[in-house]
Every structure is written in structure tokens, then in C-alpha cells.
Amino acid sequence: MATKLIIAIVQDKDANRVSDAFVDQNVRATKLSTTGGFLQAGNTTFMIGIEEERIDEVLQLIKDASHTRDEFMTPPVNLDGGMEGTTSYPVKVQVGGATVFVLPVDQFMHF
Amino acid sequence: MATKLIIAIVQDKDANRVSDAFVDQNVRATKLSTTGGFLQAGNTTFMIGIEEERIDEVLQLIKDASHTRDEFMTPPVNLDGGMEGTTSYPVKVQVGGATVFVLPVDQFMHF
Amino acid sequence: MATKLIIAIVQDKDANRVSDAFVDQNVRATKLSTTGGFLQAGNTTFMIGIEEERIDEVLQLIKDASHTRDEFMTPPVNLDGGMEGTTSYPVKVQVGGATVFVLPVDQFMHF
Ligand code: NI
Ligand code: NI
Ligand code: NI
């Protein structure tokens, strides 16, 4: 039974959902605070040691909880005034997204 | 002489002892603050680049400094009262424990 | 097109220069705050997923931005006094330095 090391980098906003999914499915993960590519805002990196047979299951958990998707956000109304009756319409923004590495492991131990 | 990357996750309470053992034995380690599996309290992750011949030595250092063991802890006396003469007896608690990965390395460099 | 995971540990003082070089060359990196070997001061760890063909380019970027070099530093004049006319001469100090691992990757995914 070979063990692999999964390193998954997700947005901070999805980190709790990913953690919850791991706890539900009995996947042990270690969490690192990290900063994103291209100086983007904070993200969270998970390290997971997992038996090869469960790789697909764990990848699916990560995907479900953090994949790139569109959300509708209502921008705040401009307080500088303007015409009466100005309304703020929801706009589509892309959120989420995960980068995942599966690494080979020579030895895996608990002491 | 192949180099390996050891990733060792230990409890915060054992981190100083692990660091000290590394310094004593001239093992260079980089330390990350991490959060534990199952939302447990803080732990510390060490990354160590090491020649293959020293793997067993380093694993033994980590094991000695952080392995799971029982400790006796005296719980605080319940202040809500109860019978006079109530005493607090030491109870056995499990502490420590390390999770360790040894990873293959394609290239290892110092600049 | 195989992907590799580069883990690069550099001094905090060089971290911004490394980040800037990555952004310039369109290299996505995730940044971790870490503490150095031998209890040295803070350093920064970058994780970079990169196609095998770009390894040498990325290693060169890291080397250029963070390699060990001598700098001249003028130590503060000793305020305890001493002879009038005491001057502080620049001294040579070694700064920088990077430790870099290139790791094999079994699977690399974006979700
Ligand atoms: Ni979805
Ligand atoms: Ni013991
Ligand atoms: Ni130079």
C-alpha cells in the first residue's frame, strides 16, 4: 500500500469547506498559511498523506470544495451620489480554484 | 550521494526539543508553522534536506524527541466545591507523536 | 510535459526580489513564511509548479535574486565614546543564499 503526499493550494475562502470535507471523510491534513501566486491574497495549503487507493476520492473532495466557479456579487452603491434611483446590479465574478500536486513518497511513518 | 527531503510534522510542545536535536547533530532544518489534522491545535512542520546515508539517524532524532508517549498530569481541583478533602489525582494523557514523509529529490542545490 | 515542484528557501531580505522575478517571467509561486536552519532569522519558502523545460530558467531566476554574496555594511559608531575622531569603517558581510529542491510530481492539476 503506497502512500502519496498531496499538496493542495486553495483560496482562503474555501479552506474551511475543504477542512470540513476532510474531517467528514477521515482524511488527515496539515494546514499551512501561504500567500498566493502573482502576489494574490492569502491562500491555504494542505498537506495530506494518503494511501494510493484513496487519491481519487481526496482529489474529488478538494475539487468539489474549491473549484473555480462564477458567483454573483452585488457591488456597493457609489456613495458619491449621482442620479437618484441609482441601483447596484449583481455582477459575475470568478472565485475559487485549486492547484494540486501528488508527490511520490519513499517512506511514510508515524512515531 | 542522493539527497532526500524529510517533512516531519510534530506537536508544538515537542518542536524545541526537535530543533535542539537537529542543531546538536548539525542537521539543517527549515521550520513552518502549521495547523494539525482534524482541526487539532498548532503543530510545527520541519523540512530537512539530507543525504540518504543520514536518513535513519535523522528519523531516530525525530522519533526520540517527539514520539507518542504517556504523561501524568494532575487535573485542577474542581472549585465548585464538593466534599472537604477532595484531592486531584494524576491522570495519564497521551502526548507527542510525529508524522514523517521521506520524499525523493531530483535536484538539490545551494546558491 | 512533466511537471516538477520546486521548493526554494531564501532569506527574507531577498524574498521580494525573487517574487518580482517570478512575476516578470510569469512563474506562479506560493509563498510560505518559514524559520531558518540553525535557528537563524526568518526566511521565505516558495513552492513553484513548473514544466520540466522551464526548470533551468527558474533556477537561474532564483540564483540571480538570492545567491550568497558579500555586501559592505558600515557598522554603527560605538556611542560609549572613546577617542574623538573615531570613525566607523565598512565591513564585508555575507548575505543571501538559497536552498533549492526539485521534486518529482506524479500528478499536477488545476481545478
Ligand atoms: Ni461546483
Ligand atoms: Ni521515549
Ligand atoms: Ni550576483
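**Exercise 1.** State how many residues each chain brings to the contact between chain A and chain B.

*Solution.* Chain A gives 20 residues and chain B gives 28 residues, where contact means heavy atoms within 4.5 Å. The model is predicted: local features need pLDDT of at least 70, side-chain atom pairs count only at pLDDT 80 or more, and totals for chains, interfaces and linings use all residues. Residues are numbered from 1 along each chain as its sequence is written, chains are lettered from A and ligands numbered from 1 in the order in which they are written, and side-chain values use heavy atoms, without hydrogens and water.

**Exercise 2.** Find the area buried between chain A and chain B, and the three residues of chain A that supply most.

*Solution.* Buried area is the accessible area (1.4 Å probe) that two parts lose on being put together, summed over both. Here the area is about 2100 Å², and carbon and sulfur atoms give 66% of this area. On the side of chain A, 32% of what the chain buries against chain B comes from A:Arg28, A:Asp106 and A:Phe111, more than from any other three residues.

**Exercise 3.** Identify the salt bridge across the interface of chain A and chain B.

*Solution.* Look for a side-chain nitrogen of Lys or Arg within 4 Å of a carboxyl oxygen of Asp or Glu. The rule finds one salt bridge across this interface. A:Asp106 and B:Lys4 form a salt bridge through their side chains, at 2.5 Å from N to O.
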